[in-house]
Amino acid sequence: MDDSALSLVLFSGTDDRLDAAAVLAAGAAALGRKVEILLLYWALDAFRNDRIAEPHGLAPEAGHEGAEAYRRQGEHWSDILRQAKQVGEVGIHACSRSMAMLGLSEADLDPLVDDQYGIASFVIGADGPVTFI
Amino acid sequence: MDDSALSLVLFSGTDDRLDAAAVLAAGAAALGRKVEILLLYWALDAFRNDRIAEPHGLAPEAGHEGAEAYRRQGEHWSDILRQAKQVGEVGIHACSRSMAMLGLSEADLDPLVDDQYGIASFVIGADGPVTFI
Amino acid sequence: MDDSALSLVLFSGTDDRLDAAAVLAAGAAALGRKVEILLLYWALDAFRNDRIAEPHGLAPEAGHEGAEAYRRQGEHWSDILRQAKQVGEVGIHACSRSMAMLGLSEADLDPLVDDQYGIASFVIGADGPVTFI
């Protein structure tokens, strides 16, 4: 087993990719691995406190049947992340460049987000590889 | 050269991304590197035995010209994966959570898929980094 | 800090993902880390010298508001990459299989691209993990 941190850079803002990222993070955290998440672009936008619970769409290839199947699923990705933070060591950071682009301040974000971080510092600080989602 | 396994998590179900993943896997396998693939969501859906040979679309930015170029290409990604499995050590696993979401059983999947796997076990079991496609 | 090369496989051809990749590369290069980039498919298409400066679209979930925010941003991703190459060690390689698919020769590509490379050689030659964007 790899005991370096699982470093995830989230770019996409659709619910299905955010859900996949949340499950990866929760699985690693539950098994004692540190998780560091950096939110860029549309992933960051999905963490706005006035939008986090709203639907954020799915990958185009989901189609009608896939969207139906997705909707029948249980938990929201934000709840999976909340539980992961209770169970393990999961840091969620907003990319400061994306914050500026979207005109956001920290008060606009859900409390799941811990702080702001530069993308370069995140990549260099990662003690292992970076997975881009 | 890195001799850890190449661990690929496939999420997207479009033919172009599946093709890129297949070529990465085949290249690594041909050179003796172990490959482990986990199928989530729409990538898993693309491995249904009644749909694997059908067109699964392309990234939206392909456009008409890109789609034409793609269609003129030779082999199907499922054939590239089949050959990779003959040449090297390539495991293809269905994510059990995505199986449940899509209402699939193993009998619904192409024989390329070896078994089911939990996403957490896959990530933790990976002896190296995870590439998300 | 991880001192292996940052190996990026770029697949997507939208401006937002190319921008995220350029910022990752520039950040790593500025801090002395070697960066190797392989261009596949629509990412390669975006480096054609007759198209690199044109708009290449955004992820579908950007929406109208996201697109406006993106357009107000400063530098083009190609300029960020150009600076990264001046500051650090950044190799940009065209995937030879994608070159063939798109019917391109090296003369069709922006001078940012150094040479052609096979996808298998790239993955195997990477002395660290591969991030797929």
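Helices (H or I, at least four residues) and strands (E, at least two) are DSSP runs, numbered from the N terminus. This is a predicted model: local features need pLDDT of at least 70, side-chain atom pairs count only at pLDDT 80 or more, and totals for chains, interfaces and linings use all residues. Residues are numbered from 1 along each chain as its sequence is written, chains are lettered from A and ligands numbered from 1 in the order written, and side-chain values use heavy atoms, without hydrogens and water.

**Exercise 1.** Place D45(C): which helix holds it, is it buried or exposed, and what does it touch?

*Solution.*
- Step 1. Helix α2 of chain C contains D45(C).
- Step 2. Buried means under 20% relative accessible area, exposed over 50%, partly exposed in between (1.4 Å probe, protein chains only). D45(C) has 16% relative accessibility, so it counts as buried.
- Step 3. Contact means heavy atoms within 4.5 Å. Leaving aside residues up to four places away in sequence, D45(C) touches R51(C) and L102(C).

**Exercise 2.** Sort the residues of α3(B) by face, then find what covers the buried ones.

*Solution.*
- Step 1. Helix α3 of chain B spans residues 63-72; G66(B), A67(B), A69(B) and Y70(B) are buried there.
- Step 2. Down the axis of α3(B), these buried residues fall within an arc of 160 degrees, so they line one face of the helix. The arc is taken from the directions from the helix axis to the C-beta atoms.
- Step 3. Exposed H64(B), R71(B) and R72(B) sit on the face turned away from the buried side of α3(B).
- Step 4. The cover over the buried residues includes α1 (15-30) and α4 (77-87) of chain B, plus α2 (41-46) and α5 (96-102) of chain C.

**Exercise 3.** Describe how α1(A) packs on α4(A).

*Solution.*
- Step 1. Helix α1 (residues 15-30) and helix α4 (residues 77-87) of chain A pack at about 15 degrees, with axes 9 Å apart. Axes are lines fitted to C-alpha atoms, for helices over the stretch in contact; angles run from 0 to 180 degrees between N-to-C directions.
- Step 2. That makes α1(A) roughly parallel to α4(A), a term for angles under 35 degrees.
- Step 3. Residues making the contact include L18(A), A22(A) and A26(A) of α1(A) and W77(A), I80(A) and L81(A) of α4(A).

**Exercise 4.** What relates chain B to chain A?

*Solution.*
- Step 1. A turn of 120 degrees and a shift of 0.0 Å along the axis lay chain B on chain A, with an RMSD of 0.0 Å. That is the relation of a three-fold axis. Superposition is by least squares on C-alpha atoms of residues with pLDDT of at least 70 in both copies.
- Step 2. Only 17% of the interface residues of chain B are also interface residues in chain A, so the copies meet through different surfaces.

Key
Angles under 35 degrees count as roughly parallel, over 145 as roughly antiparallel, 65 to 115 as roughly perpendicular and the rest as oblique.
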